Amino acid sequence: MLNRIFTLFLFVWVSFAWTQNGFEIKSNRKKVTIPFKLVNNLIVVPVNVNGTNLNFLLDTGVSETLLFSLDETEQVKFENIEKVRFTGLGNKEPFEGLKSSNNSLKIEDFVDLNHTLYIVLDQDINISSQVGFPINGILGYHFFKNNPIEIKYKRNKIIVYDTIARVSKKIKKSYKKIPISIEENKPYIQSKVFLSDYELNAKLLVDTGNSDALWLFQEKMGTIPIPEDNFVDFLGKGFSGNINGKRARLTSFVIDEFKFKKPLISFPDSLATSGISMVENRIGSVGSEIMKRFNAVYDYKDKSIYLNKNDNFILPFNFNMSGLDVQHEGVQWVKEAYEDMSTATSSQVSFESGDNKVVRNLKYKFELKPSYSILNIRKGSPADLAGLKEGDVIIKINSNFAYNYTLEEIKDILKSEEGKTITLEVERKGLPIKVKFQLKSII
């Protein structure tokens with residue numbers, strides 16, 4: 001995967017008999033500030049669900065609120081439950097879940113006391129392993145629909161305003177107003193895509209739950225060809241299975257006055273999108289690798305997004321040049337030594353340092369540390385040619401224990417710079433294997 005960890009689209013096979021009111025600001029406040037964690041371009045917010053604190057992905061690309069990946073310590077009570085069926089991007093069959101109404105969701109002082117949740121029962125659906133951070137659900141349209149929402153990617157803050165008037169002076173001064181359409185509870189934006197000699201007017205879903213820059217659907221492009229410099233890759237996991245396709249670079253991508261040179265583009269194969277109903281004229285998605293380059297104010301009521309460049313705007317569009325995708329495998333107990341400089345005993349280690357006698361009291365502690373494994377290997381890539389295999393457990397990266405890195409830090413290493421040498425120590429069926437390869441750009 002490039003600079004993305006997980007791509008998710010969800011479609012729910014169910015009819016809605018009523019529309020929930022959504023979130024409201026409580027305590028007579030004019031605005032609410034919500035901190036978030038940015039993990040591999042994805043926004044993760046703390047949400048209290050019926051009294052239990054959980055982590056949710058904030059995703060403009062989903063229309064309903066989803067809940068999954070609850071462990072044994074997370075007890076959430078649900079009422080008014082009925083069965084539903086889900087499907088999504090990928091190649092698996094639809095699966096069953098539950099619909100629960102009258103739930104309490106609280107994010108700071110932004111509250112909905114009558115919220116409908118869709119509960120995914122399939123234990124194999126777990127995006128935490130791809131993100132490297134515990135995520136229990138996905139929050140979409142109902143977070144955005146009632147209030148202007150400002151997302152500040154560089155400050156890791158979301159500000160919810162009671163009215164657009166609270167922020168109107170700022171947006172008039174330095175933000176560009178971009179019209180959007182809200183269709184099936186999701187925002188769509190008009191843009192221009194330039195591929196070599198071709199120019200394409202593109203209606204795209206604004207999808208903060210997609211950590212890539214851009215997706216285009218091949219079957220929607222008409223006669224416009226995919227760039228010749230491309231490669232087949234694993235694009236990520238959706239709710240219905242793996243998503244494969246091609247990656248390439250555009251000549252440029254334009255939203256109104258904002259122009260991006262040579263952004264990365266992904267083309268999911270038709271198998272992943274077959275059977276999925278899409279809104280009229282949509283040909284793809286714009287993801288968080290683009291949206292993180294702005295301070296953005298979403299105003300669904302006025303059908304507008306206000307955009308202002310932030311410091312991310314000039315960042316290059318890098319991708320994973322190793323060809324291996326890494327996932328969080330869980331946690332492991334690690335024995336680590338530490339030094340206690342208290343009073344010496346006969347069991348302590350001593351040695352001379354100049355004229356001083358130094359006494360070392362070495363003690364050991366056990367800590368839970370992350371474990372990582374290889375999720376996917378791109379055929380013909382440096383990692384593939386070095387002999388790495390799916391399922392290999394990563395022990396060391398460049399002589400450092402892998403558990404000392406976050407998943408995001410590992411992925412940053414794998415897309416750092418062409419020609420950089422990477423050494424990996426992995427374990428395969430109990431046997432240690434050490435390999436070395438160089439990062440190579442192919443587009």
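Here are some questions and answers about this predicted model of a protein chain.

Me: How many helices and strands are in the protein chain?
Reply: Let's start with the overall picture, keeping in mind that this is a predicted model. Both kinds of element occur in the protein chain, and the count is seven helices and 33 strands.

Me: What share of the residues in the protein chain counts as buried?
Reply: A residue counts as buried when its relative accessible area is under 20%. The protein chain has 443 residues. The share that counts as buried is 54%.

Me: Among contacts between residues at least 6 apart in sequence, what percentage joins residues at least 24 apart?
Reply: A contact here means heavy atoms within 4.5 Å. Taking contacts between residues at least 6 apart, we ask which ones join residues at least 24 apart in sequence. The answer is 69%.

Me: How much of the area that the protein chain exposes do carbon and sulfur atoms supply?
Reply: The protein chain exposes about 20500 Å². Of that area, carbon and sulfur atoms supply 46%.

Me: Phenylalanine 23 and phenylalanine 110 form an aromatic pair; which kind is it?
Reply: The structure holds 17 aromatic pairs, and this is one of them. A pair of aromatic rings is described by the distance of the centres and the angle of the planes. For phenylalanine 23 and phenylalanine 110 these are 5.0 Å and 25°. Because planes under 30 degrees apart count as stacked, the pair is stacked.

Me: How many residues apart are phenylalanine 23 and phenylalanine 110?
Reply: Phenylalanine 23 sits in the loop between strand E1 (11-13) and strand E2 (24-25), while phenylalanine 110 belongs to strand E10 (residues 110-120). The pair therefore links distant parts of the chain, and its two members are 87 residues apart.

Me: Are phenylalanine 23 and phenylalanine 110 buried or exposed?
Reply: The relative accessible area is 1% for phenylalanine 23 and 0% for phenylalanine 110. Buried means under 20%. Phenylalanine 23 is thus buried, and phenylalanine 110 is also buried.

Me: What is the angle between the ring planes of phenylalanine 144 and tyrosine 300?
Reply: These two rings have their centres 5.5 Å apart, and the pair is stacked. Phenylalanine 144 is in helix H2 (residues 141-144), and tyrosine 300 is in the loop between strand E24 (294-299) and strand E25 (304-309), 156 residues apart. Phenylalanine 144 is buried at 0% relative accessibility, and tyrosine 300 is buried at 6%. As for the planes, they are at 15°.

Me: Which residues do ring pairs link into a cluster?
Reply: Two of the pairs we have met are Phe23 with Phe110 and Phe144 with Tyr300. Ring pairs link these four residues and others into a cluster. Its members are Phe23, Phe110, Tyr141, Phe143, Phe144, Tyr298 and Tyr300.

Me: Which residue lies over the face of phenylalanine 317?
Reply: Charged side chains can be found over rings here too: lysine 396 lies over the face of phenylalanine 401, at 4.7 Å from the ring centre. For phenylalanine 317, the distance from the ring centre is 3.8 Å, and the residue is arginine 293.

Me: In which sense do strand E15 and strand E16 pair?
Reply: Strand E15 (residues 186-195) and strand E16 (residues 198-206) form a hairpin with two residues between them. In the turn, serine 196 has a positive phi of about 55°. Tyrosine 188 stands opposite leucine 205 in E16. The two strands share eight bridges, and their sense is antiparallel.

Me: How do E16 and strand E23 run, parallel or antiparallel?
Reply: Four bridges join E16 to strand E23 (residues 282-286). Across this pairing, valine 206 stands opposite valine 286 in E23. The two strands run parallel.

Me: Which residue forms a salt bridge with lysine 192?
Reply: The whole structure has 14 salt bridges. In this one, the closest N and O atoms are 3.2 Å apart. Lysine 192 is partly exposed at 30% relative accessibility, and its partner is partly exposed at 46%. That partner is glutamate 199.

Me: Which residues are linked in a network of salt bridges?
Reply: The side chains of arginine 247 and aspartate 233 meet in a salt bridge at 2.8 Å, N to O. Arginine 247 lies in strand E19 (residues 241-249) and aspartate 233 in strand E18 (residues 231-238), so the pair ties together parts 14 residues apart in sequence. Both of these residues are buried. The network is made of Asp212, Asp233 and Arg247.

Note on methods. Residues numbered from 1 in each chain as written. Predicted model: local features only at pLDDT ≥ 70, side-chain atom pairs only at ≥ 80, totals over all residues. Heavy atoms only, no water. Buried < 20%, exposed > 50% of the residue type's maximum accessible area, 1.4 Å probe, protein only. Areas by Shrake-Rupley, 256 points an atom, 1.4 Å probe, with all protein chains shown as cover. Phe/Tyr/Trp six-rings, centres within 6.5 Å; stacked < 30°, edge-to-face > 60°. Lys NZ or Arg CZ within 6 Å of the ring centre and 35° of its normal. Pairing = 2+ DSSP bridges. Salt bridge = Lys/Arg side-chain N within 4 Å of Asp/Glu carboxyl O.
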